[in-house]
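This tour proceeds by selection in the viewer, with a short account of each place. Please open the model and keep the sequence panel visible.

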Amino acid sequence: MPTGLVSLVSPVSPVSPVGPATPAPGVQPHIHQPHHSSSALTPTPVSVPVLPPELDGVQAKPRHGETVARRAGRALRRVFASSAAAETEAVTRAAHAIQQPVTTGRQLAVSSIRGGAGKSTVAALLALTYAHYRADPVLAVEADPALGTLPHRLGVREVRWSGTDLAQIVDPSMLITDLTGYLLPFTGGGWLLPGSQGSIGARLDLDTYRIVMTSLRRHFATTVVDCETLPAEVARTALVTTQARVLVTPATVEGVRATKSVLEWMGGVHRGLLPTAVVVLNHTSPDGGIDVRKAAGHLGAGGAAVLPLPYDRHLAGGGAVRTELLGERTREAAARLAAEVMDRAVSRGPGGRQREGAREG
């Protein structure tokens, strides 16, 4: 089991009919090479490094998300305080919500109103958390192809097949073992479909996005989609067509105001979108600039959940997200976020765990 997302609940979810399970956490999955006959019609792309060789060594050594002093203080509080039982209960609740069974694939869109909000970081955290806790297939899709950072955040070193390439090949007869030959494995047994090979000007058109998402849904129990920033067309479509949507905003007054406008737009498109929305207040600096409780009250008026993501030195440093280096508060926040998003994707609203068979659509 990876050390970064440790839970008191075994990371095994109920058996799902969506598809075969991914390998156990920590086990490198076997990659099936593409062999479907239609692949011969599409030129095989050449693998391209996520970071060019000249940038080797530029990335500073990853730091732990919390300072040594903060970690020591937390350890002392656990010894002398009475909050350990409450923390254990909270982690257990989150694990059960993340692991709840699904009968059809849940697709979860992550977007933001501006660049630099941290949406790819949040998408990576969600993908890693679901891959850790769930035993059924988890997919991360990069729908932000122009210089997107999701592959880098998930620790992928080279990219080859993109969503555009896969859309020309995929067909209903393909098995998951055919598809994984076009995907990249990431830590925990999950799979990644990159948006491009990092070319400026690359775009994922709406038809391609629809083909890919429709074709993959039956194979993957959970799909996390890292969208372009709003108001890009694919991002707008993803917010409307997925089962839950995540809006990432900097924890600033300006970020809250812009996100409120997006929520009002979503409520005008369809009243059912807000109860399946989760806003992430992302703290990108150690000094908080807003009152989180008041911001949550302002943004959650229409039914959306609002959750903070604390400042974390490891995330702020960029590079691949290594869950063992995340601060404890960040790991807890990621688990709460993943649980809330899954709850809303399954029950189609806040609170309760209404079985999706009664409200599937």
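Throughout the tour, contact means heavy atoms within 4.5 Å. The model is predicted, so local features need pLDDT of at least 70 and side-chain atom pairs count only at pLDDT 80 or more, while totals for chains, interfaces and linings use all residues. Residues are numbered from 1 along each chain as its sequence is written, and side-chain values use heavy atoms, with hydrogens and water left out.

**The whole chain**

Begin with the entire chain, coloured by secondary structure. It has 12 helices and 10 strands; these are DSSP runs numbered from the N terminus, helices being H or I of at least four residues and strands E of at least two. Of its 361 residues, 51% count as buried. Here buried means under 20% relative accessible area, exposed over 50%, and partly exposed in between, with a 1.4 Å probe and protein chains only. The accessible surface is about 16200 Å², and carbon and sulfur atoms hold 57% of that area; areas come from the Shrake-Rupley method with a 1.4 Å probe, and for residues only the protein chains shown count as cover. Among contacts in the chain with a separation of 6 or more, 82% are between residues 24 or more positions apart.

**Val 170**

Select Val 170, in the loop between α5 (163–167) and α6 (176–179). Its relative accessibility is 14%, and Val 170 therefore counts as buried. Which residues does Val 170 touch, not counting those up to four places away in sequence? They are Leu 179, Ile 211 and Ser 215. Ser 215 is 45 residues from Val 170 in sequence, yet their C-alpha atoms are 7.1 Å apart.

**Helix α8 and its surroundings**

Next, select residues 233–241, which form helix α8. Just ahead of the helix, Pro 231 lies in the loop between β7 and α8; a cis peptide bond with omega of about 10° joins Leu 230 to Pro 231. Within α8, the buried residues are Val 234, Ala 235, Thr 237, Ala 238 and Leu 239. To see what covers these residues, display elements including β2 (106–112), β3 (138–143), α7 (206–216), β7 (222–227), β8 (244–250) and α9 (253–269).

Stay on α8 and pick Val 240, which is also in this helix. With 38% relative accessibility, Val 240 is partly exposed. Add Trp 265 and Val 269: together with Val 240 they make a nonpolar surface patch of about 230 Å². Patches are made of residues with over 30% relative accessible area and no salt bridge, with like charges joined within 9 Å and nonpolar side chains (Val, Leu, Ile, Met, Phe, Trp, Tyr) within 5 Å.

**The crossing of α3 and α12**

Now show α3 (residues 119–133) and α12 (residues 328–347), whose axes come within 9 Å and cross at roughly 80°. Axes are lines fitted to C-alpha atoms, for helices over the stretch in contact, and angles run from 0 to 180 degrees between N-to-C directions. The two helices are therefore roughly perpendicular; angles under 35 degrees count as roughly parallel, over 145 as roughly antiparallel, 65 to 115 as roughly perpendicular and the rest as oblique. Show side chains at the crossing: Val 122, Leu 126, Thr 129 and Tyr 130 of α3 meet Ala 334, Ala 335, Leu 337, Ala 338, Val 341 and Met 342 of α12.

Ala 124 also belongs to α3. Is Ala 124 buried or exposed? Its relative accessibility is 0%, so Ala 124 counts as buried. Beyond residues up to four places away in sequence, Ala 124 touches Leu 150, Arg 153, Leu 154 and Val 321.

**Salt bridges**

Finally, turn to the charged side chains. The structure holds 5 salt bridges, each being a side-chain nitrogen of Lys or Arg within 4 Å of a carboxyl oxygen of Asp or Glu.

- Select Arg 134 and Asp 136: their side chains meet at 2.8 Å, N to O, and both residues are buried.
- Select Arg 322 and Glu 324: the closest N and O atoms are 2.9 Å apart. Arg 322 is partly exposed at 38% relative accessibility, and Glu 324 is partly exposed at 33%.
- Select Glu 340 and Arg 344, a salt bridge at 2.6 Å, N to O. Both lie in α12, 4 residues apart, about one turn of the helix. Arg 344 is buried at 5%, whereas Glu 340 is partly exposed at 21%.
- Select Lys 119, Asp 144 and Asp 226, which are joined into one network by salt bridges that share partners.
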